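Here is a short report on how a protein meets two DNA strands. Look at the model first, then read on.

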Amino acid sequence: MLLDIDYNSKENRIYIYTTKKIIKKDFKPYLYIDADKNTINKFIDEEEPQLKEYITAIERVKKIIINLNDIENPYKNRTVEKTLSKITTDHPKDIPKLRKLQKIKANQRLANFPNGKIGTTYEHDIPFTKRYLIDNNKNIDLLNYNNIPDLKAVSFDMEVHFKDREPEPEKDAILMTSFYSHDKKINKKIKKVITYKPFEHESVEIVKDEKELIKKTMELLKQYNIIYTYNGDNFDFPYLKRRAEHLKIPLNFGENHKLKLSKGGMNLKSAISGIVHIDLYPIARRTLNLTKYKLEDVSKELFNIEKLEVGHHNIVPLWNNNNPKLVEYSLQDAEYTYKIGEYFLPLEIMFSNIVGQCLFDISRMSSSNMVEYLLLKHSFNKNYLAPNRPYGNEYQNRLKEGYEGGYVKEPIKGMHDNIVSMDFRALYPSIIISYNISPDTINCPCCGDTNDKILGYWFCKKKIGIIPEILKDLIERRKNIKDVLKNKNTTENNKDDNNKNNNENYKLLNYEQQSIKILANSFYGYMAYPRARWYSKECAEVITHLGRAYIRKTIEEAENNGFNVIYADTDGLYAILDENKNKNTNKENILNKTIKFLNEINRELPEKMELEFEGYYKRGIFITKKRYALIDENNKIIVKGLEFVRRDWSNIAKKTQKKVLNTLLKEGDVETAKQIIKDTINDLKNLPQSKIGESPGGDKKINPKDLIIYKQLTKDISEYSTATPHIAVAKKMRDRGDRLKIGDVIGFVIVNGSSPISERATIPEQATNYDANYYIDNQVLPPVLRIMEAIGITKDELKNNNKQITLDNFF
DNA sequence: GTAAAGCGGGG
DNA sequence: GTGTACGCTTTAC
């Protein structure tokens, strides 16, 4: 299996690292230019003679060019064969110099250049090692399909001396490094912490000093194929490097394994050649959809495990006291990092295999970039010339181009029972294939200005486009895998020796089909992505237009068949049976009708498109577009767009909303839900006036702890211009001597009074007279009201019923 | 209202 | 490294 690929500039060679050995290859960089040999030579002689030394060869080659502009012009060929010059150089760094041919005001000078034109350069910005993989994609065995590659993986985490400011490698020492690994051969978990102070902990290895710690760390890491970190790109590795420089010790992972920091956007990427450093933070960011992506948030999301909390400011005190809790904390981070790594690795390996780029790059690529490299690979195999990335104003112009997206139906608000959901299997990919939508098939002259235009465009009927062709391959490959999986599922009930291998193989195939699905679904987004080489707003526009037409037509047909469509979004819908048209709207009836309806509609749909049964739900509450909740037959609750998992809501608000939603979905009883809210309001009015941590006593039902609201300091306190509650409290904490820094989470409660909220925000453990009305109106009610209002309950109903009739009210 | 600026993860 | 993010939220105008 290909682990990594690197360019050794001293030897001027490509290094390919596999699990077993290093292979060295000679490969030369090149670019294409739209000019003939004589013109290039003459131009260089007369204008830029120094460029001559970089060129090792110029040859004439035929390539197929896709015209991305002038779409409206029905006479413009979308693809043309063209003869270009391929200029080869010795070193990759020569390529940018040669790009000058086009750049250096060439056009002005060439206005009166005698022998011809120097046109555009192409493929001048493809990184060298990626270029190698594109050009040799047919020869490289990226992955052995028969087993999961035997990779040795370790996670790595580092603690540094850290007090009230950003740690600086020139001042603040590395305290310890931790490692976690799982040796699958002997099924043993390996935990290790290296440090230079005595800690009473079984996993600790004590070394002489910090220099030894760094040396030992490098030695340990270089024994592995894969290193997982969490934000190691921008913290652990850069810090390790600068600290080693400061201590004047060489950072050495082995002769062919250098640590290289490179810029990726505004951030860094940390790579050790030959060893795959996988930073899980960028993967978590693009794979999961969370509000926060701290290590604890991601662990919670994936494994539902809570982290042992050691505030960062406690690191130094624990260190000073030789407290083993610090070791435990550091190990825990390493362990969670490892778990997240194992969770994501198989998919990343599959992407690497399908896209044909190395794991390090893949793990830092967006799905649009993966699509682009997949296209570059196919483009090379088909002798196409890759279109250039946008430059100049082009990117800005593309950004401004808007178009209509998917169709979202305004939901029929409220509670519904016996709901089915149906959705189109891979709607956008199917549309792309069915209509042959591609930048090289749009408005082709060969099919002429036909009658069946879509938004004024037509697509070639004679030749398949590059994007539909790749998509078709991917989808067929996925279908084959799914067939194999289905087969395995039914035949694999015997417990023979092969079972484990088969099981591993099953998992691998399953990861492969998942990754193909993700890639296939990214092609539409790719064509709409302003930095894409094969960008086509027109194609993207046609795809959503057709998507809207299909979902609208499906809604209409469903309504004609006795359904009531309560909600629809882009490629799927939720429906119940219409009471007026059906005798019985129970589960059995709706499921039968759904099967019948799906059969009918799929007969009418184009071959590649299919509406599928997605699920049956006992009950659902629909609030607004993108906001709804459902419960299935196993009492599993699915919530969309309604989550209040954020820390800037008090526990009492989150708890009440959850209770209300559960009651409504499980029991369908509005009165009980109303009562929960009323009870909470009453309990709040009867709040204990005790400090947090003290026993509230008596009939007090609310723990003051549940009233705390948390907000983060995102900059220094002095930089805030507005007086928000958490800043006011932060100032009070500072005044009493707390050291606060950016990133600290401030907890506060609101107490009684008539002054602004920010003045009534109080440090939780100092408060007793909590402001019940604030919690009722600003914390508990808003989230539950969003739900209750959808079923026709007003705020007044929830609040006023609560009032007892007293003489005061009466008069 | 829109445009510009800020921010993320790590310690 | 033949590449210079990105997609939101907050603040400023």
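The text below takes the two strands in turn, then lists polar contacts. The model is predicted.

**DNA strand B**

DNA strand B has 21 residues around it. Those that come nearest are Asp 157, Glu 159, Glu 166, Pro 167 and Leu 295. Of the strand's atoms within 4 Å of the protein, 62% are sugar and phosphate. Two elements, β8 (153-160) and α8 (280-287), each give at least two residues to this surface. β8 gives the most, with four residues. By type, the surface near DNA strand B holds ten nonpolar, three polar and eight charged residues.

**DNA strand C**

Around DNA strand C there are 22 residues. Here His 124, Phe 128, Arg 389, Tyr 529 and Arg 531 come nearest. Sugar or phosphate makes up 48% of the strand's atoms within 4 Å of the protein, and bases make up the rest. α5 is the element that gives the most to this surface, with three residues. The surface near DNA strand C counts ten nonpolar, four polar and eight charged residues.

**Polar contacts**

The table pairs protein atoms with strand atoms.

| Protein atom | Strand atom | Distance |
|---|---|---|
| Asp 157, polar side-chain atom | DNA strand B, phosphate oxygen | 2.7 Å |
| Arg 285, polar side-chain atom | DNA strand B, base nitrogen | 3.1 Å |
| Tyr 293, backbone N or O atom | DNA strand B, phosphate oxygen | 3.1 Å |
| His 124, backbone N or O atom | DNA strand C, base oxygen | 2.3 Å |
| Asp 125, backbone N or O atom | DNA strand C, base oxygen | 2.9 Å |
| Lys 130, side-chain N or O atom | DNA strand C, base nitrogen | 2.8 Å |

Note on methods:
Residues numbered from 1 in each chain as written. Chains lettered and ligands numbered in written order. Predicted model: local features only at pLDDT ≥ 70, side-chain atom pairs only at ≥ 80, totals over all residues. Heavy atoms only, no water. Near = heavy atom within 4 Å. Polar contact = N/O pair within 3.5 Å; in protein donor to acceptor, adjacent residues only side chain to side chain. Nonpolar A, V, L, I, M, F, W, Y, C, P; charged D, E, K, R; others polar.
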